[in-house]
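Trainee: I should like to learn how features of a fold are read from a structure. May we work through one together?

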Amino acid sequence: MASLPLKKNYRCEPALQQFYGGGPVVVSSDGSFIVCACGDSVNIVNSSNGSVKSTIEGDSDTITALALSPDDKLLFSSGHSRQIKVWDASNLKCLRSWKGHDGPVIGMACHPSGGLLATAGADRKVLVWDVDGGFCTHYFKGHKGVVSSIMFHPDSKNSLLFSGSDDATVRVWDLLAKKCVATLEKHFSTVTSLAISGDGWTLLSAGRDKVVNLWDLHDYSCNLTVPTYEMVEAVCVITFGTGFDLFLGSYNQQMKKKRSGSAEIYFITVGERGIVRLWNSDGAVCLFEQKSSDVTVNSETDDSKRGFIAAILLPLGQGLLCVTADQQFLFYTPVELPEKKSELVLSKRFVGYNEEIVDMKFLGEEEQYLAVATNLEQVQVYDLASMSCSYVLAGHSEIVLCLDTCISSSGKILIVTGSKDNSVRLWESDSRCCIGVGTGHMGAVGAVAFSKKGRNFFVSGSSDHTIKVWSMDGLSDAEQPINLKAKAVVAAHVKDINSLAIAPNDSLVCSGSQDRTACVWRLPDLVSVVTLRGHKRGIWSVEFSPVDQVVITASGDKTIKMWSISDGSCLKTFEGHASSVLRASFLTRGAQIVSCGADGLVKLWMVRTGECIATYDKHEDKIWALAVGKKTETFATGGSDALINLWHDSTASDKEETFRKEEEAILKGQELENAVLDTDYTKAIQIAFELRRPHKLFELFASVCRKKETEYQIEKALHALGKEEFHLLLEYIREWNTKPKLCHVAQFVLFRLFNNVPPTEIIEIKGIAELLEGLIPYTHRHFGRIDRLLRSTFLLEYTLTGMSVIEPDIEAKELKTKSFINSDVEDANGLLLTENVEEQTELGRRTATKKRKSQKSKESSRKKVKGADYTKAKAISLQA
């Protein structure tokens, strides 16, 4: 069998992250994104795959109200601080903010025109604001309780504003008259939701008094009261084009015989029971009711978080979005069935808040699913393509602590889970049903493992210090789960068992415990083979090598150890984690190890050398879960930060990318040399920027600095640069400016840059203040040095002039020039003038000779006789 290529690098893709912590939710006008609150921050979530597009970080202020403008360009938010903020949805900048309420803002609504914003507060007030100016245009008082819901009339020409309160009233406010025109009193509890019919003349109000009231807006009378027999949290009016026309066609056939003269209004209600119901106002008939859902409350004594808290009809026929009390987004789509009826199908499920990822495993033959155990009593199965939660396995009464998956000999995809309720459950993925329950442990089941070869049994370990082997024989397709039988039991450790692993040939099982030991047992009778001792802290993870007779253990003492099964000796110790190592697994057919720990790091190790070749920091807290795909060797990590990351092998792609970049660099380098030879400095400078070669860039600027006729090329090159390249150029100039040998070129380029780039563009360069702070001190130093040199030249010139070193030469030249001029002059006394000039010239020569003699007299006195004779001879010859 050919050896697999070693992994050198992995690419991380955040697959699942926490994005909703409860609170307000709004959907864009086209349904492409959802805006929701997560604590003190606001997340904009892609509605297709649940990924977070962008986040507005808060300032320790829990968000209580959100709204979007009709064109989705503005986002409004408010929280407990009572600060109302207006955000630009494109760049997430806060445009303006103000305060107006005396308590937290509970609800918000934007006028269909986009110019007004209405806010409902816990201070019992309703305020209307001008969006552009940020000033209050209307101030309404009258409610006797917290204003819980608010909405404008959908017709922009209609000036009505509606508000519902926990004083069980609905008030209608006229914006033109600036007063309350009606108070609707038919509810007996908090009004939770408001809606307007398609024709705009009927108001629907839902409350926790388990009714929906329909009000005529002509005279504000109550036309109908629909009992719903549950606390209603949201009501939505169905209009044509929303995708629910199928329901109106299929479920309304039975109502043809019973028709009244009034106009029919179809609406949807959701509430505490966790089911969706479709109603017809004509006769107050429920046309459709979900039989059950994953959030259905089965009994009145069920005090866990269940039911829906909001519902929004998505535009463009995209279905219905329901928000659950346990922070899940459920997308329902109507589907027509062969029996000429329609059914609501759960098309997508996004889990907004997981709190902590405890364990997970890949699922399916192609490993396209991921089974995740969180700190809930349910197991969530995610589709890796869309990261939508495909289904939920519910049955445990306590938190699920561990799970494992396999494909049975009959081809069924099985999942086994261990829980805090001291039981293990066996699930079938296709039917999504529990097919077996194993009881007998006296403590929480913290580890489970499937058989690798025969796939006809699994092993469980518990905090009661025992290991049990469970048989999967006799499984049937019956609706009721069977009781699983334990084939063998052993008291394995003296403390909690954290991990179990079964050998590839099903002959051995290894257990890791908090008692700092790992034990290897022979299957199926659980006979002790060897005990592995050497760790100084509890063992969190164990795994057999797929090719060698070794096992690895990950411990709280920050190390990973490799042990020989034959004699129990420690073969290698891998050190590098800064905290407890919580999971470790083999990769590349046993040649590599991947590990993760409480330090939030993922490390990749070479087994042969014991070297850590890669470290990744993509988690912010402990990494409890590690799942490795058997086929693709893609692995997933999850932990206390509620984040699941998928890691894909990028060794080959990185190698190709490196080769491609090197090839491009060679071609660009040649192009750069050609441009230099052609003295095309504009193109050369641009290529040097692309290649990030500051030394070559300096040489080019130095060449341009020496050749003044090419200065226009540097101006042309500077005009072609972007903001990022300007920032990079200023960084290079700052570096060159620190060195005296390079500062002249740096100042030359800086001068050209400031001359050709407008100040408005320079200010917009990122980090310009820091760059200028680095340039100014050295520039002052260079100019001070040049000033001192200039003054030194003045002193030198004065000194030389005073020593008559410079002046005599000038006088001789002037005399010579005069002699040539006077020789050509014709005068009556020409001969006498010429003789006088010759006498003056001779006199000047003798004066210069005497001066030179006096300067050298001191030196000649110290010289030897030979030097003195030479000086005298020279003087005689000059006099001659």
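**Reading helices, strands and loops**

Mentor: Let us begin with a helix and its surroundings; please keep in mind that the model is predicted. The cover over the buried residues of α9 includes α6 (723-737), α7 (743-756) and α8 (759-764).

Trainee: Which residues of α9 are buried?

Mentor: The buried residues of α9 are I768, L771, L775, T779 and H782. A residue counts as buried when its relative accessible area is under 20%.

Trainee: How does the span of α9 compare with the value expected at 1.5 Å a residue?

Mentor: Helix α9 comprises 35 residues, 768-802, and should span 51 Å; its end C-alpha atoms are 51 Å apart, which agrees. Just after α9, S804 takes a positive phi of about 55 degrees.

Trainee: What does the corresponding reading give for helix α2?

Mentor: Helix α2 (residues 651-677) has 27 residues, and its first and last C-alpha atoms lie 39 Å apart, close to the 39 Å expected. Its buried residues are T651, G669, L672 and A675, and the elements covering them include β57 (644-649), α3 (681-691) and α4 (694-706). T679, which follows α2, has a positive phi near 55 degrees.

Trainee: How should a sheet be read?

Mentor: Strands of a sheet pair through backbone hydrogen bonds, either parallel or antiparallel. Here, an open sheet of four strands has the order β6-β7-β8-β9, and the pairing is antiparallel.

Trainee: Which strands stand at the edges of this sheet?

Mentor: β6 (63-68) and β9 (94-99) do; each has a single partner strand, so one side of each is left without a neighbour in the sheet. Neighbouring strands are turned by 20 degrees against each other on average, direction ignored. Within the sheet, β7 (residues 74-79) and β8 (residues 83-88) pair over four bridges in the antiparallel sense, and L74 stands opposite D88 in β8.

Trainee: How many bridges join β55 to β56?

Mentor: Five bridges join β55 (residues 623-628) to β56 (residues 635-639), and these strands run antiparallel. A625 stands opposite G638 in β56. The hairpin has six residues between the strands, and E633 in this hairpin takes a positive phi near 60 degrees.

Trainee: Which other residues have a positive phi without being glycine?

Mentor: Two cases are R432, with phi near 60 degrees, and A642, with phi of about 60 degrees. R432 belongs to the loop between β36 (423-428) and β37 (433-439), whereas A642 lies in the loop between β56 and β57. R432 counts as partly exposed at 44% relative accessibility; A642 counts as buried at 1%.

Trainee: Where is the cis peptide bond from L523 to P524 found, and what is its omega?

Mentor: P524 is in the loop between β45 (517-522) and β46 (527-533), and omega of the bond is near 5 degrees.

Trainee: Is V42 buried or exposed?

Mentor: V42 is buried, with a relative accessible area of 3%. V42 sits in strand β4 (residues 41-46). Leaving aside neighbours within four places in sequence, its contacts include V35, C36, I56, I63, L66 and L75. The C-alpha atoms of V42 and V25, 17 residues apart along the chain, are separated by 9.9 Å.

Trainee: Why does S281 count as buried?

Mentor: S281 counts as buried because its relative accessibility is 9%, and the cut-off is under 20%. S281 is placed in the loop between β24 (276-280) and β25 (285-289). Beyond four places in sequence, S281 is in contact with residues including L214, L224, I265 and F267.

Key
Residues are numbered from 1 along each chain as its sequence is written. This is a predicted model: local features need pLDDT of at least 70, side-chain atom pairs count only at pLDDT 80 or more; totals for chains, interfaces and linings use all residues. Side-chain values use heavy atoms; hydrogens and water are left out. Two strands pair if DSSP finds at least two bridges between them. Helices (H or I, at least four residues) and strands (E, at least two) are DSSP runs, numbered from the N terminus. Axes are lines fitted to C-alpha atoms, for helices over the stretch in contact, and angles run from 0 to 180 degrees between N-to-C directions. The expected span of a helix is 1.5 Å times one less than its number of residues. Buried means under 20% relative accessible area, exposed over 50%, partly exposed in between (1.4 Å probe, protein chains only). Contact means heavy atoms within 4.5 Å.
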